[in-house]
Amino acid sequence: MAVSPGASAAEIKAAYRALVKQHHPDAGGDATTIIALNAAWEILRDRARRTAYDRSPAAAAPSQRVSSPPSVTAEQQALAHWFNQVYGPIDRLLAQVINPFPAQLKELAADPYDDQLMEAFCSYLEQSQQKINRVEALYAASAAPLAAKDFSLQLYHCFAQLKDALMELERYTMGYVDSYLHDGREMIREAKRFRASLQQERSRFGVSKAK
C-alpha cells in the first residue's frame with residue numbers, strides 16, 4: 001500500500017483510510033498503531049507541514065513512509081494519556097449530571113411547591129455543580145495535545161452548556177419562573193447531544209479506553 005513521495009492528496013487520503021480500516025481496534029488492530037497513523041495524517045494532510053517534514057532529518061525514507069506505520073511518539077502517548085486521564089473522567093462526570101436529570105425533573109413536576117420534592121431537586125443541582133467544578137479543574141489541569149485541539153474545544157462547549165443549564169435551573173428554584181426551567185431543560189438536552197457527538201468523534205482517534 002506504499003505511495004510515492006510525490007503522491008497526490010487523494011492518493012494519500014485513500015492510503016490513510018485503508019490503513020485505518022486495517023489497523024482499527026474494532027477490526028482486531030492495535031490502538032497504538034491508529035494513534036501513530038492519525039499523527040502522520042495530521043502532517044500529510046497539510047501541504048506546508050508535509051513539506052517541512054520532508055525536509056527534516058526525521059523524515060522517513062520513501063520506502064518506509066507508508067509501508068509501515070510510524071513508531072509511537074511522545075506526542076501520540078500524550079494523546080492517549082489525555083483521552084484516558086482527562087476526557088474519560090470528564091465524560092463520566094458529565095454523565096452523572098445529564099443522565100439523572102429526566103428522573104429528577106419528573107419527580108419535581110409532581111408538585112413543584114412541595115418542600116421535600118424541591119429540596120431533593122436542589123440537592124441534585126448542588127451535587128451536579130460540584131461535579132462541574134471537578135470537570136473544570138480536570139480540563140484546566142492538562143491541555144489537550146494539538147491533534148485533539150478541536151475535540152477539546154467541543155468538550156469545553158459541552159460542559160459550559162451544562163454549567164449554564166444548572167444556573168438557569170437554580171434560578172427557577174428561587175422564583176418558580178417557568179422560562180428558567182424551560183431554558184435549563186433545553187440546555188441540558190443540547191449538552192446531551194454534544195456529549196453523544198463527542199463519543200462518536202472519539203472513535204476517530206482510535207484510543208483504547210483505560211481499564
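**Figure 1. A salt bridge joins the side chains of Arg-195 and Asp-91, with 2.8 Å from N to O.** This contact, like those in the views that follow, comes from a predicted model. The two partners belong to distant parts of the chain, Arg-195 to helix 8 and Asp-91 to helix 4, and they stand 104 residues apart. Arg-195 is buried, because its relative accessible area is 15%, under the 20% cut-off. Asp-91 is likewise buried, with a relative accessibility of 12%. By the rule applied here, the model contains 6 salt bridges.

**Figure 2. Glu-168 and Arg-171 form a salt bridge within helix 7.** The distance from N to O is 2.2 Å. The two residues are 3 residues apart, which corresponds to about one turn of the helix. In an α-helix there are 3.6 residues a turn, so residues three or four places apart point the same way. Glu-168 is buried, at a relative accessible area of 11%, whereas Arg-171 is partly exposed at 35% relative accessibility.

**Figure 3. Glu-186 is paired with Arg-189 in a salt bridge of helix 8.** The closest N and O atoms of the pair are 2.8 Å apart. Because Glu-186 and Arg-189 are 3 residues apart in helix 8, about one helical turn separates them. Glu-186 counts as partly exposed, with 29% relative accessibility. Arg-189 also counts as partly exposed, with a value of 42%.

**Figure 4. Helix 4 covers residues 74-98 and bends at Tyr-87.** The helix has 25 residues, and the distance from its first C-alpha to its last is 34 Å. That span is close to the 36 Å expected at 1.5 Å a residue. The bend at Tyr-87 is about 35°. A proline, Pro-89, follows within four residues of Tyr-87.

**Figure 5. The largest nonpolar core of the model has 37 residues.** Trp-82, Phe-83, Leu-94, Phe-151, Leu-155 and Leu-162 have the most contacts inside this core. Two or more core residues come from each of helix 4, helix 5 (101-109), helix 6 (115-141), helix 7 and helix 8. Helix 4 makes the greatest contribution, with 11 residues. In soluble globular proteins, nonpolar side chains tend to be buried together.

**Figure 6. Phe-151 touches residues that include Trp-82, Phe-83 and Tyr-87.** Leu-198, Glu-201, Arg-202 and Phe-205 are also among its contacts, with residues up to four places away in sequence not counted. Phe-151 is itself one of the residues with the most contacts inside the largest nonpolar core, as are Trp-82 and Phe-83. Tyr-87 is the residue at which helix 4 bends.

**Figure 7. Thr-173 occupies a buried position in helix 7.** Its relative accessibility is 10%, and Thr-173 therefore counts as buried. A polar atom of the Thr-173 side chain lies 2.6 Å from the backbone oxygen of Glu-170. Beyond residues up to four places away in sequence, Thr-173 touches Met-118, Phe-121, Cys-122 and Leu-125.

**Figure 8. Tyr-176 lies in the loop between helix 7 (149-175) and helix 8 (178-202).** The phi angle of Tyr-176 is near 55°, a positive value in a residue other than glycine. Most residues other than glycine have a negative phi. With 26% relative accessibility, Tyr-176 counts as partly exposed.

Notes
Residues are numbered from 1 along each chain as its sequence is written. This is a predicted model: local features need pLDDT of at least 70, side-chain atom pairs count only at pLDDT 80 or more; totals for chains, interfaces and linings use all residues. Side-chain values use heavy atoms; hydrogens and water are left out. The expected span of a helix is 1.5 Å times one less than its number of residues. The bend at a residue is the angle between axes fitted to the seven residues ending there and the seven starting there. Buried means under 20% relative accessible area, exposed over 50%, partly exposed in between (1.4 Å probe, protein chains only). A polar contact is a pair of N or O atoms within 3.5 Å; within protein, one must be able to donate a hydrogen and the other to accept it, and residues adjacent in sequence count only if both atoms are side-chain atoms. Contact means heavy atoms within 4.5 Å. A salt bridge is a side-chain nitrogen of Lys or Arg within 4 Å of a carboxyl oxygen of Asp or Glu. A nonpolar core is a set of buried Ala, Val, Leu, Ile, Met, Phe, Trp, Tyr and Cys residues joined through side-chain atoms within 4.5 Å.
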